[in-house]
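Trainee: I have a two-chain model open and would like to talk it through. Can we go step by step?

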Amino acid sequence: MNEKIYQVVASTIAEVREISVSDVAPGKTMKDMDIDSLDMLDIITSLEDHYGITVPDEAFEGIETVEDAVNCLDKLVG
Amino acid sequence: MKIAIDVMGGDHAPKEIIEGALMALKEDSELELVLVGSEDAFHQFLPEGTERVETVISHSVMAMDESVENLRKKRDSSIYLANQVVKEGRADAIISCGSTGAQLGAAILVLGRIKGVKRPAIVVPFPTLEGPRVMLDGGANVDVDAKLLTEFAVLGNAYARLISGEEHPEVVLLSNGTEEHKGTAAVKEAHQLLKDAPMLNFKGNIEGRDIMKGEYDVLVTDGFTGNVVMKVTEGVASALFKLVKKEITSTSLRKIGAALVKPGLKNIAKMFDYNNYGGTPLLGVNGISVVCHGSSKSTAVKNAVFATKKFVEQDFIGVLRDDIAAYRDAQKEEKEVSSHE
């Protein structure tokens, strides 16, 4: 897993959910962190803006864990 | 004062939305509007040279049944751009009659949430025997816990204070019994939290049959129940009016009586007419974003403009921000006290 991207993803999640970065972990699902579809939209849009990319629908729908999000971005930013 | 209107959202958009905007301009000589919509809409319905109107051209529309996730790809949609106009400080508030989900999503993406708000809620003006009352959540949050229900109560309390002028609005929780041990786990826990919240005038639980009595100011429930209650009420009211109409016009003699009761029935029908409510704000987003009924026509849009104007004048977001901050501080203090004990 790309550690640099993980840091960005973790801090984005923490900011949107108003939780501590330490409460975010690679294996945690979005559901574990009480992230609903609007939060997810908020998080992914922020990450798209940060990296200047567009996450395709199939990839967006496949994100369940923090690690999934990191790997998805890694492929697109790569 | 400048208000941004998404002219592409709603069943009767853009014609009725633009007409409503023009009606508002005619009634208020100081009002300025930013209309967001397609070039074609303005070409067809906005008279050239209309004063006090700025137009912003959008290139897509979020359909009523479209997934909110599509906002990512539709940043050129009228609802997204209307929010951006407010974010950039070019207008003080937004009005839309389009998809509530899209409006909520766009507001969260562009304007963000008020600090301390976990989930913004949709507030619904609910017709009761004592006049309209505030109900929330109207459908934004289907799965909620006790803390979220309490947050809705704080948001609804601030809103009710502004619209009714009541210093300590009476807050009630919808349950399947008035006793505090009744309800889902979330409702039972929320009852205790609400009872302990010093800033709320909590009056306990009420049952579904008491909603229409209106013996409260703010009714708190989850988005699933709130939406069902709202739609069932609309359906029952519509069916009742149809039944009454059918019965009182079924014979010649009854028709004479019908003519006598018609004005009274019309007044009751007005109570249930969304056109008179003029839209309600999303509670918890960091800007004034007013949601109108999807079937709004020009009069409803005009009323929404004046309702929105009032929210801006009352510093609606400032009031919400202060209340949420006070609620979070109280929670923090409580946590500190219990950790010392």
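**Walking through the two chains**

Mentor: Sure, starting with chain A: it has four helices and zero strands, where helices (H or I, at least four residues) and strands (E, at least two) are DSSP runs numbered from the N terminus. This is a predicted model, where local features need pLDDT of at least 70, side-chain atom pairs count only at pLDDT 80 or more, and totals for chains, interfaces and linings use all residues. Residues are numbered from 1 along each chain as its sequence is written, chains are lettered from A and ligands numbered from 1 in the order in which they are written, and side-chain values use heavy atoms, with hydrogens and water left out.

Trainee: What pattern does chain A follow along the sequence?

Mentor: With four helices and zero strands to place, you can read it straight off the chain. From start to end, the pattern is α-α-α-α.

Trainee: What is the radius of gyration of chain A, and what does the globule rule give?

Mentor: The radius is taken over C-alpha atoms, and the rule is 2.2 Å times the number of residues to the power 0.38. For 78 residues the rule gives 12 Å, and chain A comes close to that, so it is as compact as a globular protein of that length. Its C-alpha atoms fill a box of roughly 25 × 25 × 20 Å along the principal axes. The radius itself is 11 Å.

Trainee: Which element of chain A has the lowest mean pLDDT?

Mentor: pLDDT is the predictor's confidence in each residue, from 0 to 100. Chain A averages 91, and 100% of the residues score at least 70. Among its elements, H1(A) has the highest mean at 94, while the lowest, 83, belongs to H3(A).

Trainee: Is Thr65(A) buried or exposed?

Mentor: Look in the loop between helix H3 (57-61) and helix H4 (66-77) of chain A. Buried means under 20% relative accessible area, exposed over 50%, and partly exposed in between (1.4 Å probe, protein chains only). Thr65(A) has 17%, so it is buried.

Trainee: Which residues is Thr65(A) in contact with, leaving aside neighbours within four places in sequence?

Mentor: Contact means heavy atoms within 4.5 Å. With those neighbours set aside, Thr65(A) is in contact with Pro26(A), Gly27(A), Lys28(A), Thr29(A) and Met30(A).

Trainee: Where does Asp34(A) lie, and what is its relative accessibility?

Mentor: Asp34(A) sits in the loop between helix H1 (3-17) and helix H2 (37-51) of chain A. Its phi is near 60 degrees, a positive value in a residue other than glycine. Asp34(A) counts as partly exposed because its relative accessibility is 43%.

Trainee: On to chain B. How many helices and strands are there?

Mentor: The confidence first: chain B has a mean pLDDT of 92, and 99% of its residues reach 70 or more. The model scores ipTM 0.77 and pTM 0.86. As for the elements, chain B has 10 helices and 11 strands.

Trainee: What radius of gyration does chain B have?

Mentor: A compact globule of 341 residues would have a radius near 20 Å, and the value for chain B agrees with that. The C-alpha atoms fill a box of roughly 70 × 65 × 35 Å along the principal axes. Chain B has 21 Å.

Trainee: What share of the residues in chain B is buried?

Mentor: Take the contacts too: in chain B, among those with a separation of 6 or more, residues 24 or more positions apart account for 69%. Of the 341 residues, the buried share is 51%.

Trainee: Which residues are joined by the cis peptide bond with omega about 10 degrees?

Mentor: There is a cis bond between Ala13(B) and Pro14(B), but there omega is about 0 degrees. Pro14(B) lies in the loop between strand S1 (2-6) and helix H1 (15-27) of chain B. For the bond you asked about, go to the loop between strand S6 (133-136) and helix H5 (146-164), where Asp137(B) lies. The pair is Leu136(B) and Asp137(B).

Trainee: Last one: what is the phi of Asp315(B)?

Mentor: Asp315(B) lies in the loop between helix H9 (298-313) and helix H10 (316-340) of chain B. At 46% relative accessibility, Asp315(B) counts as partly exposed. Although Asp315(B) is not a glycine, its phi is positive, about 50 degrees.
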